[in-house]
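Biologist: Please take me through one part of this model closely, the surroundings of the ligand, and then go on to the strands and loops that can be described residue by residue. I would like one connected account.

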Amino acid sequence: MSEFFSNIGKIPYEGKNSTNPLAFKYYNPDEVIGGKTMKEQLKFALSWWHTMGGDGTDMFGCGTTDKTWGESDPQARAKAKVDAAFEIMDKLSIDYFCFHDRDLSPEYGSLAETNAEFDKIVDYIAEKMAADPSKKLLWGTAKCFDHPRFMHGAGTSPSADVFAYTAAQIKKAIDATVKLGGNGYVFWGGREGYETLLNTNMGLELDNMARLMKMAVEYARSIGYTGDFYIEPKPKEPTKHQYDFDTATVLGFLRKYGLDKDFKMNIEANHATLAQHTFQHELRVARENGAFGSIDANQGDTLLGWDTDQFPTNVYEAALCMYEVLKAGGFTNGGLNFDSKARRGSFTPEDIFHSYIAGMDTFALGLRIADKLITDGRIDKFVEERYASWTTGIGKDIIDGKVGFAELEKYALEKGEVTDSLSSGRQEMLEAVLNNVMFNL
Ligand code: XUL
Ligand code: CO
């Protein structure tokens with residue numbers, strides 16, 4: 001097997017004073033931060049679609065980089081992609097990967113033929129994983145949004161035949177996920193949404209989406225899958241109104257259909273900002289609802305209104321993200337998948353490495369800062385004190401369920417004006433504390 005990146009060796013950790021662009025400055029896989037090694041805390045994953053398949057094609061132009069891996073035949077290319085992916089993961093010390101079924105192996109003439117070729121690639125990956133057990137599958141998913149058959153949706157298609165095809169495709173993707181030892185299966189509602197209500201039966205579409213998810217859970221559990229299912233919220237793109245708008249919307253859906261025991265969230269940074277939320281907001285909503293699962297790490301551009309999927313380099317955002325992750329107790333089945341692509345102009349093979357190094361170092365810094373923020377304690381202490389009125393007196397009585405409206409009316413009438421019970425929110429002081437911790441590494 002040939003080496004694809006013969007001019008690039010294993011990326012070393014050289015520390016923050018290194019000027020070597022092909023070295024980590026902050027990601028030191030075996031260093032312990034917050035009680036675990038950085039590689040255990042961060043659980044970085046390579047996204048097969050962007051890294052192995054994304055050639056820079058956009059709505060205005062063709063690809064700028066070659067992702068054929070030296071093969072014109074689709075079967076040979078699918079295999080070469082596996083070899084190249086394992087080489088990239090090895091050189092970057094990335095332990096996990098994530099896939100859509102069709103990123104691993106494309107569609108052929110019939111579903112049966114497609115499945116047979118897919119099985120061969122999954123078997124080949126299983127062989128590579130057996131040879132190097134440090135490489136693991138973070139999650140799998142099915143690409144039920146690319147082919148024209150999904151033009152009106154997959155699980156929410158008006159066509160029952162398309163629903164059946166979708167179920168068959170997801171069954172196979174779950175088989176592959178289980179075979180490769182994955183502990184996550186993602187539903188991102190590619191075209192599960194609508195353009196106009198003039199042609200849409202929203203109630204039936206949502207019921208059907210839930211039916212599909214229930215069948216997926218039943219099937220996966222029947223073959224011994226014990227991992228998590230994730231929904232990846234996104235408000236728009238490709239449809240005008242995606243059903244899985246944001247975490248709060250998804251939680252309502254999961255609870256309505258009794259799916260909340262099996263599903264958690266896969267939060268993507270750029271999807272959060274498209275929904276006009278911060279990344280941290282989405283993570284907090286998930287955490288507070290016991291639904292924090294996994295992360296698609298990337299970033300958007302505030303001046304562009306679409307899903308640019310840039311490699312994350314915003315340390316501030318990464319720190320607040322890792323603060324939520326640490327507060328959630330760290331990743332269990334989830335991890336940090338780089339659902340990110342190098343810019344179209346970053347087209348050389350080295351740019352794959354520069355992009356991942358930038359993203360990994362950003363989250364390594366984020367982890368270091370978040371851990372310091374927690375041990376520093378100023379922010380947590382401030383928040384605790386801000387809510388001190390709930391630990392004694394009337395606050396405690398409310399929490400303990402000892403009082404109702406009548407008692408509270410009596411209390412308020414006796415107490416009179418309550419403005420004096422308020423203290424400053426100190427936002428600017430706290431923002432300065434965060435800066436102080438960030439730049440005192
Ligand atoms: C699309 C997106 C997907 C999912 C997996 O915006 O994020 O790549 O992560 O289907
Ligand atoms: Co994503």
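Modeller: What follows starts at the ligand, moves to two strands and their partners, and ends with four loop positions. The model is predicted, and the values below are computed from it.

Ten names make up the surroundings of ligand 1: W49, H100, W188, E232, K234, E268, H271, D296, D307 and D339. By class, this shell divides into six charged, two polar and two nonpolar residues. Polar atoms of several side chains can be placed against oxygen atoms of the ligand. For H100, a polar side-chain atom lies 2.7 Å from an oxygen atom of ligand 1. For D339, an N or O atom of the side chain is likewise 2.7 Å from an oxygen atom of ligand 1. For D296, the distance between a side-chain N or O atom and an oxygen atom of the ligand is 2.8 Å. Ligand 1 taken alone exposes 300 Å², and the protein buries 94% of that area.

H100 also leads into the strands, as strand β4 covers residues 96-100. β4 runs parallel to strand β3 (residues 44-47), and three bridges join the two. One pair in this arrangement is A45 with its bridge partner Y96 in β4. β3 also pairs with strand β12 (residues 336-338), again in the parallel sense and over three bridges. There, L46 stands opposite F338 of β12. Within β3, F44 and L46 point one way, A45 and S47 point the other way, and all are buried. In general, side chains of a regular strand alternate between the two faces of the sheet.

Strand β6 (residues 184-187) can be read in a similar manner. G184 and V186 point one way from β6, whereas Y185 and F187 point the other way; all are buried. The partner described here is strand β8 (residues 228-231), which runs parallel to β6 and is joined to it by four bridges. G184 of β6 stands opposite D228 in β8.

The loop after β8 brings in a backbone feature. P238 has its place in the loop between β8 and β9 (241-242). The peptide bond leading from E237 into P238 is cis, with omega near 10°.

T200 is a loop residue as well, set between β7 (193-194) and α7 (202-222). Its relative accessible area is 17%; because this is under 20%, T200 counts as buried. The side chain of T200 makes a polar contact of 2.8 Å with the side chain of N199. Apart from neighbours within four places in sequence, T200 is in contact with Y194, E205 and Y243.

Two further loop positions have a positive phi without being glycine. Q276 has a phi of about 65°, and this residue lies in the loop between α9 (269-274) and α10 (279-288). Q276 counts as exposed because its relative accessibility of 69% is over 50%. R426 has a phi of about 50°, and its loop is the one between α15 (405-415) and α16 (427-438). At 42% relative accessibility, R426 falls between the limits of 20% and 50%, so R426 is classed as partly exposed.

Technical notes: Residues are numbered from 1 along each chain as its sequence is written. Chains are lettered from A and ligands numbered from 1 in the order in which they are written. This is a predicted model: local features need pLDDT of at least 70, side-chain atom pairs count only at pLDDT 80 or more; totals for chains, interfaces and linings use all residues. Side-chain values use heavy atoms; hydrogens and water are left out. A residue is near a molecule or strand if one of its heavy atoms lies within 4 Å of it. A polar contact is a pair of N or O atoms within 3.5 Å; within protein, one must be able to donate a hydrogen and the other to accept it, and residues adjacent in sequence count only if both atoms are side-chain atoms. Accessible areas come from the Shrake-Rupley method with a 1.4 Å probe; for residues, only the protein chains shown count as cover. Ala, Val, Leu, Ile, Met, Phe, Trp, Tyr, Cys and Pro count as nonpolar, Asp, Glu, Lys and Arg as charged, and the others, Gly among them, as polar. Buried means under 20% relative accessible area, exposed over 50%, partly exposed in between (1.4 Å probe, protein chains only). Two strands pair if DSSP finds at least two bridges between them. Contact means heavy atoms within 4.5 Å.
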